[in-house]
Amino acid sequence: MRRVRHVLGISGGKDSAALAIYMRENYPELDIEYYTSDTGKELEATYNLIENLENYLGKEIYKLPVLSDESLNPFDHFIKMYNGYLPGNISRWCTKKLKLEPFEKYVGDDLVISYVGIRGDEDREGYISRKSNIQSIFPFRKNMFSEDVTTKFLGNNNIPNVFNFYATLDLGEKKERIFEVINEEISINFSQSQKLNILLDLGVKEYNHAVFHFLKTTDYPLSQEVEFPLVDNEDLLVRDDIFRILEDSGVGVPEYYKAIEFEVNGKKSTYARSRSGCFFCFYQQKIEWVWLYEQHPDLFFKAMEYEKDGYTWIQDESLAELVKSERIEKIKEEYIKRKERKQSKAQSPYLLDILEDAEGEGCASCFI
Ligand code: SF4
């Protein structure tokens, strides 16, 4: 049996912080290594969160070395190498250079279980490493395994094995129904996600145990573990749970999630920032740029300094244009209108509804 490392990346966002707290509370027996990758351009609240978390965990959160020369700012070093070319949706070199490559170097060829804080109310896959020695686990979701594991496990050619894995378990009254579902092949009339959801509804623990048996027959890192306590985990955690975990632990919710009131042309509303990450991140919405300008003007002007030689953070407008007072008014008005259209949704004290929709967009490495 090879040794398996258990790691958890702290992005500075609420979900990974809550996951670290959750894992410590529920699985203290797992020797988890916590790490973070600092782009050198985070908001102060992010650094505060990491410090609070270190105090809570009683353990260092290892800062991945991005550059061998620690006196250099990682983002500024790479932007020079890219001749001022700003990262964006099409070329997201920042995530690759500042997050993924340092992480892959950190784990090397070791077998690694990487815990990822994607919530049970999110419909997205997390980062799945191209390296076979890294396996992602999602403790907040009903299905804690990654998409690649699910596809292999539920593949039609694996039906006889799945049958055998389940046969070793005590399935009680559900046995007949479970075997009926296992035997039904995936087809255009019966998708993988339908099959998965029915099996999970029939028993999350049973599904986890069967997958764990299956993984023993593979090269995935979990095949090397004699036991894995999360197979008995049936929790499903959503946004409100995350805020509750952060508040109850005393670690706290980063300031930038909290709604701040503003007024435009006699109308009042609130805005906030929906994610962690670099203060100039191109994933942020225009109202978040306005928030940055009004709440942290120093950072906004620093972001502006990167816009040269025709490169801009936002595709269709420069920050110099966005910051004109009539433009800010318009962005706020449009934002209020969009928000009003979503009035039926429950309000959160931290995140604006309008921002919630966009929260899942972006980079799993940067924001979870
Ligand atoms: S937060 Fe945004 S700008 Fe910063 S590294 Fe991540 S994707 Fe790039």
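Visitor: Which helix gives the largest share of the shell around the ligand?
Guide: Happy to start there, and please keep in mind that this is a predicted model. The shell around the ligand counts 12 residues. Of these, 3 residues form the largest share, and they come from helix 4.

Visitor: Which residues come nearest to the ligand, and from which domains does the shell draw at least three residues each?
Guide: Among the 12 residues around the ligand, the nearest are Cys94, Gly277, Cys278, Cys281 and Cys366. At least three residues of the shell come from each of two domains, namely domain 1 (4–145 + 232–249) and domain 3 (256–367).

Visitor: How many nonpolar, polar and charged residues are in that shell?
Guide: Let's go through the classes in turn. The charged class has 1 residue and the polar class has 3. The nonpolar residues around the ligand number 8.

Visitor: Which residues of helix 3 are buried, and why are they on the same side?
Guide: Helix 3 spans residues 74–81, and its buried residues are Pro74, Phe75 and Phe78. Around the axis they cover an arc of only 90°, which places them on the same side of helix 3. What covers these buried residues includes helix 4 (93–107).

Visitor: Where is Asn83, and is it buried or exposed?
Guide: Asn83 follows helix 3 and sits in the loop between helix 3 and helix 4. Its phi is near 50°, a positive value in a residue other than glycine. Because 8 other C-beta atoms lie within 10 Å, and the exposed class takes 12 or fewer, Asn83 is exposed.

Visitor: What is the phi of Asn265, and where is this residue?
Guide: Asn265 is exposed, with 8 other C-beta atoms within 10 Å. The loop that holds Asn265 runs between strand 6 (260–264) and strand 7 (267–271). Asn265 is a residue other than glycine with a positive phi, near 45°.

Visitor: Is Ile10 buried or exposed, and which residues does it touch?
Guide: Ile10 lies in the loop between strand 1 (4–9) and helix 1 (14–26). It has 25 other C-beta atoms within 10 Å, and 20 or more are needed to be buried, so Ile10 is buried. Leaving out residues up to four places away in sequence, Ile10 touches Ser16, Ala17, Ala20, Tyr34, Tyr35, Thr36, Ile50, Leu53 and Ile61.

Visitor: What separates the C-alpha atoms of Ile10 and Val116?
Guide: Along the chain, Ile10 and Val116 are 106 residues apart. In space, their C-alpha atoms are separated by 9.2 Å.

Visitor: What about Val226 and Met1: how many residues apart are they, and what is their C-alpha to C-alpha value?
Guide: Val226 belongs to the loop between helix 9 (204–215) and helix 10 (239–249). With 6 C-beta neighbours inside 10 Å, Val226 counts as exposed. Val226 and Met1 are 225 residues apart in sequence, and their C-alpha to C-alpha value is 8.8 Å.

Visitor: Which residues of helix 10 are buried, and which exposed residues are on the face turned away?
Guide: The buried residues of helix 10 are Ile242, Ile245 and Leu246. Seen down the axis, they fall within an arc of 95°, so they line one face of helix 10. Helix 1 is part of what covers them. The face turned away from this buried side carries the exposed residues Glu247 and Asp248.

Visitor: What phi does Gly250 take?
Guide: Gly250 comes just after helix 10. The phi of Gly250 is positive, about 90°.

Visitor: Which residues of helix 14 are buried, and which are exposed on the other side?
Guide: Helix 14 covers residues 325–341 and reaches 25 Å from its first C-alpha to its last, close to the 24 Å expected at 1.5 Å a residue. Lys332, Tyr335 and Ile336 are buried in helix 14. These fall within an arc of 100° seen down the axis, so they line one face of the helix. On the other side, the exposed residues are Glu326, Glu334, Lys337 and Arg341.

Visitor: Where is Asp110, and which residues does it touch?
Guide: Asp110 is in the loop between helix 4 and strand 4 (111–115). It is partly exposed, with 14 other C-beta atoms within 10 Å. Not counting residues up to four places away in sequence, Asp110 touches Arg5 and Asn133.

Definitions and conventions
Residues numbered from 1 in each chain as written. Predicted model: local features only at pLDDT ≥ 70, side-chain atom pairs only at ≥ 80, totals over all residues. Helix = DSSP H or I, 4+ residues; strand = E, 2+ residues; numbered from the N terminus. Arc of directions from axis to C-beta. Contact = placed C-beta atoms within 7 Å. Near = placed C-beta within 6 Å. Nonpolar A, V, L, I, M, F, W, Y, C, P; charged D, E, K, R; others polar. Domains from an automatic or database assignment. Expected span 1.5 Å × (residues − 1).
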